[in-house]
Amino acid sequence: MEKNILGNIISNLKKMNLKLAVAESATGGLISSTIVSYEGGVSNVYNGSIVTYNNESKMKLLSVKGETLARYGAVSKYTAVEMAIGVKKALNADVTIAITGNIGPSAIEEKPIGLIYFVILVNEIFYEFEMYIPNLGRNKNRILATQKVFEELDKCLENMIEGNNR
């Protein structure tokens, strides 16, 4: 993870006076850990995270519906959307990230290793992403997913700033 991308994200959140929160499953807290490792006013823009690694915790802590999990599974864009909404409500954030997927080492829910869904929710606008990561092992897969999330969040915030300056 390049520090300049994270620094840019933190700077843009400050410029727009936005608060960020994260709901993680597949990355197991790596996104949050990376955010708080940045030195430079993170506490001014970061409200926190909720890491939910099983369906019960997704339902209890993030208000993901049992019917969503039963119909689409934990590894789905629908679950990611509900996670994003849940963490927004739970941690009172303007911008939320939610990520779920199959990081490996074996297929779950009959879905392939490396299938990741993440959502960036900015105010009331959803940006939905589906990605496949080559199976390079759990930790490398988590790192690649985290990097992709930050790249897309950076783009979303840059687009917001450009739109506000027109």
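A residue is called partly exposed here when its relative accessible area lies between the buried range, under 20%, and the exposed range, over 50%. Keep that scale in hand for the views below, which all show a predicted model.

**View 1. Asn123 sits in the loop between strands E4 and E5.** The two neighbouring strands cover residues 115-122 and 125-132. With a relative accessibility of 36%, Asn123 counts as partly exposed, because that value falls between the 20% and 50% limits. Have a look at the backbone too: phi of Asn123 is near 55°, a positive value in a residue other than glycine. Most residues other than glycine have a negative phi.

**View 2. Asn92 follows helix H5.** This residue belongs to the loop that links H5 to strand E3 (95-101). Is Asn92 buried or exposed? Its relative accessible area is 63%, so Asn92 is exposed. Here again phi is positive, near 50°, in a residue other than glycine.

**View 3. Helix H5 runs through residues 77-91.** Its 15 residues, at 1.5 Å a residue, should span 21 Å, and the C-alpha atoms at its ends are indeed 21 Å apart, so expectation and model agree. Which residues of H5 are buried? They are Thr79, Ala80, Val81, Glu82, Met83, Ala84, Gly86, Val87 and Lys88. As a reminder while you trace the side chains, an α-helix has 3.6 residues a turn, so residues three or four places apart point the same way.

**View 4. Phe150 lies in helix H6.** This helix takes in residues 138-164. At 0% relative accessibility, Phe150 counts as buried, because the limit for that class is under 20%. If you would like a second landmark, try Leu61: Phe150 and Leu61 are 89 residues apart in sequence, and their C-alpha atoms are 24 Å apart in space.

**View 5. Six helices and five strands make up the secondary structure of the protein.** Along the sequence they follow the pattern α-β-α-β-α-α-α-β-β-β-α. The radius of gyration is 15 Å, close to the 15 Å that the globule rule gives for 166 residues, so the protein is as compact as a globular protein of that length. Its C-alpha trace spans about 45 × 30 × 30 Å along the principal axes. Of the 166 residues, 51% count as buried. Among contacts between residues at least 6 apart in sequence, 63% join residues at least 24 apart.

Note on methods: Residues numbered from 1 in each chain as written. Predicted model: local features only at pLDDT ≥ 70, side-chain atom pairs only at ≥ 80, totals over all residues. Heavy atoms only, no water. Helix = DSSP H or I, 4+ residues; strand = E, 2+ residues; numbered from the N terminus. Expected span 1.5 Å × (residues − 1). Buried < 20%, exposed > 50% of the residue type's maximum accessible area, 1.4 Å probe, protein only. Rg over C-alpha atoms; globule rule 2.2 N^0.38 Å. Contact = heavy atoms within 4.5 Å.
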